[in-house]
Amino acid sequence: MEERELEVVPGLAGIPAAESAISFIDGEKGILEYRGIPVEVLTEKSNFLEVSYLLIFGKLPTQEEVNKFKTDINFHSRLKLKIVRMMEHLPENGHPMEYLQSVSSAMGMYYPAKNVLDTDVRYWSIVRLIAKLPTIVASSNRLRHGDAPLQPNNDLSFAANFYYMLFERVPDPLTEKILDVMLILHADHTMNASTFSARVVGSTLADPYTIVASAIGTLSGPLHGGANEEVIHMLEEIGSKEDVRPYIEKKLEKKEKIMGVGHRIYKTKDPRAIILQTFAHQLFESNASKKGKVLEIAEEVEKVVHEKLGHKKIYPNVDFYSGIVFQGLGIPTDLFTPIFAMGRVTGWLAHWLEQLKTNKIYRPDQKYIGLHNQPYIPIDDRN
Ligand code: ACO
């Protein structure tokens, strides 16, 4: 039996999986744009909810449109008591990403959204998912530590409300700005693994809660969203600036990856890492503090990695500095990736709507390399 000659491209690297008008990356020049607007401009002038609207609906909202969107999000930010009760029964040592994935999936039972061709169903599930993810992340963190979840405070901005639900205090303006920037910077990033996963599941006409649950699962892996946690573990393991060089050399000798560096698309420093590095400096004015020391170690890692891997165009990606900034804000390490998901959910939803416009179910091919016409061996004769 002859197989068709097919070339398999590992990881589908460089293969376009869809046409998209949502975000754009120039990996050589280090450019990232959302609907044509550079992220540097959006992080300076906009805010997360406005950016979400831009990504999902394809244009910057008018004042009236953004007001309605914010009101709708605020109105839907609470969790049903039954959902909180469900979370109370999940294991305390479960990872917050597992909580987020399980609860996102369960939301589909409380807010049925099977008719994805109905524009109202789409709109209200988009609103609910953006609104409720922060409440799930904050509530699950409190429950896992024996505290009662807090109701959202809708007098606060989206980012400040999340901080409030987590810590029961209102953040200072720099903390609020950084959290908002963090959500903007994670909101979309072209055809990455979790977005591809969202589009594949969306192409089956599955409901948006199932799509988001699948994308959250994809994001949880250490080669994707989980890398920011790994970066902090690495920096803590290194311990001091002087120990950076031997640590990196040993890792590279053993052919192990350095976390938070390298990217399939960026062949220069990730523009998001540049923005976050600046905020990291603002946060740690004094390098003498423990957290400042982490930044000092990180910048030494960047230097040594550049020396050793610069020729392979390996530079820091967003995860390299996001973990450091999160840590500086006092955010628990295991919440880094869930917060990434709180931002990225808007990108997943934007891609879902885009996918539905010209939908064709994903069904790639494979190159079969197995056997044919094998005998069925009776169980007693097998070894
Ligand atoms: N440390 C050391 N070497 C690296 C690293 C790294 N982090 N990343 C790539 N390389 C090397 C590879 O060993 C390979 O070398 P070779 O050609 O001599 O064999 C070369 O660079 C190409 O690497 P690939 O793994 O083929 O590149 P790919 O595009 O498949 O991988 C990835 C990209 C997965 C992000 C990779 O760089 C990596 O594992 N980085 C660490 C994990 C990480 O930070 N992930 C977050 C990504 S950003 C995000 O998801 C938000």
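This report describes the surroundings of the ligand, one enclosed helix and several single residues in a predicted model.

**The ligand and its shell**

The space taken by the ligand is the largest pocket, and 18 residues surround the ligand there, the closest being Lys-257, Ile-258, Gly-260, Arg-264 and Lys-312. When the residues of this shell are sorted by their chemical character, 9 are nonpolar, 5 are polar and 4 are charged.

Two lysines and one leucine offer polar atoms to the ligand. An oxygen atom of the ligand is 2.8 Å from an N or O atom in the side chain of Lys-257, and for the side chain of Lys-312 the distance from an N or O atom to an oxygen atom of the ligand is also given as 2.8 Å. At Leu-223 the partner belongs to the backbone, where a polar atom is 3.3 Å from a nitrogen atom of the ligand. Taken alone, the ligand exposes 910 Å², and the protein buries 69% of that area.

**Helix α15**

Helix α15 covers residues 318–328, and because 11 of its 11 residues are buried, this helix is largely enclosed by the rest of the structure. Among the buried residues are Val-318, Phe-320, Tyr-321, Ile-324, Val-325 and Phe-326, but also Asp-319, Ser-322 and Gln-327. In looking along any such helix, it helps to remember that an α-helix has 3.6 residues a turn, so residues three or four places apart point the same way.

Both ends of the helix have a feature that can be found in the structure. At the start of α15, a side-chain oxygen of Asn-317 reaches to within 2.9 Å of the backbone nitrogen of Asp-319, while just after α15 the residue Gly-330 takes a positive phi of about 85 degrees.

**The loop between α8 and α9**

His-189 is placed in the loop between α8 (173–185) and α9 (193–202), and Asn-192 lies in the loop between α8 and α9 as well. Is His-189 buried or exposed? Its relative accessibility is 4%, and buried means under 20%, so His-189 counts as buried. Asn-192, at 11% relative accessibility, therefore also counts as buried.

The table lists the polar contacts described for His-189, two through its side chain and one through its backbone oxygen.

| Part of His-189 | Partner | Distance |
|---|---|---|
| side chain | side chain of Tyr-266 | 2.8 Å |
| side chain | side chain of Arg-272 | 3.3 Å |
| backbone oxygen | polar atom of the side chain of Asn-192 | 3.1 Å |

**A buried lysine and an exposed methionine**

Lys-269 lies in the loop between α12 (244–253) and α13 (271–283), and because its relative accessibility is 17%, this lysine counts as buried. How far apart in space are the C-alpha atoms of Lys-269 and Lys-29? Although the two lysines are 240 residues apart in sequence, the distance from C-alpha to C-alpha is 8.9 Å.

Met-109, by contrast, lies in helix α5, which covers residues 96–110, and with a relative accessible area of 66% Met-109 is exposed. Met-109 and Met-97 are 12 residues apart along the chain, and their C-alpha atoms are separated by 19 Å.

Definitions and conventions. Residues are numbered from 1 along each chain as its sequence is written. This is a predicted model: local features need pLDDT of at least 70, side-chain atom pairs count only at pLDDT 80 or more; totals for chains, interfaces and linings use all residues. Side-chain values use heavy atoms; hydrogens and water are left out. A residue is near a molecule or strand if one of its heavy atoms lies within 4 Å of it. A polar contact is a pair of N or O atoms within 3.5 Å; within protein, one must be able to donate a hydrogen and the other to accept it, and residues adjacent in sequence count only if both atoms are side-chain atoms. Accessible areas come from the Shrake-Rupley method with a 1.4 Å probe; for residues, only the protein chains shown count as cover. On a 1 Å grid over the protein atoms alone, a cavity is a set of points where a 1.4 Å probe fits but cannot get out, and a pocket is an open set with protein on both sides within 12 Å along at least five of seven lines; lining residues have an atom within 4 Å of a point. A molecule sits in a cavity or pocket if more than half of its atoms lie within 2 Å of its grid points. Ala, Val, Leu, Ile, Met, Phe, Trp, Tyr, Cys and Pro count as nonpolar, Asp, Glu, Lys and Arg as charged, and the others, Gly among them, as polar. Buried means under 20% relative accessible area, exposed over 50%, partly exposed in between (1.4 Å probe, protein chains only). Helices (H or I, at least four residues) and strands (E, at least two) are DSSP runs, numbered from the N terminus.
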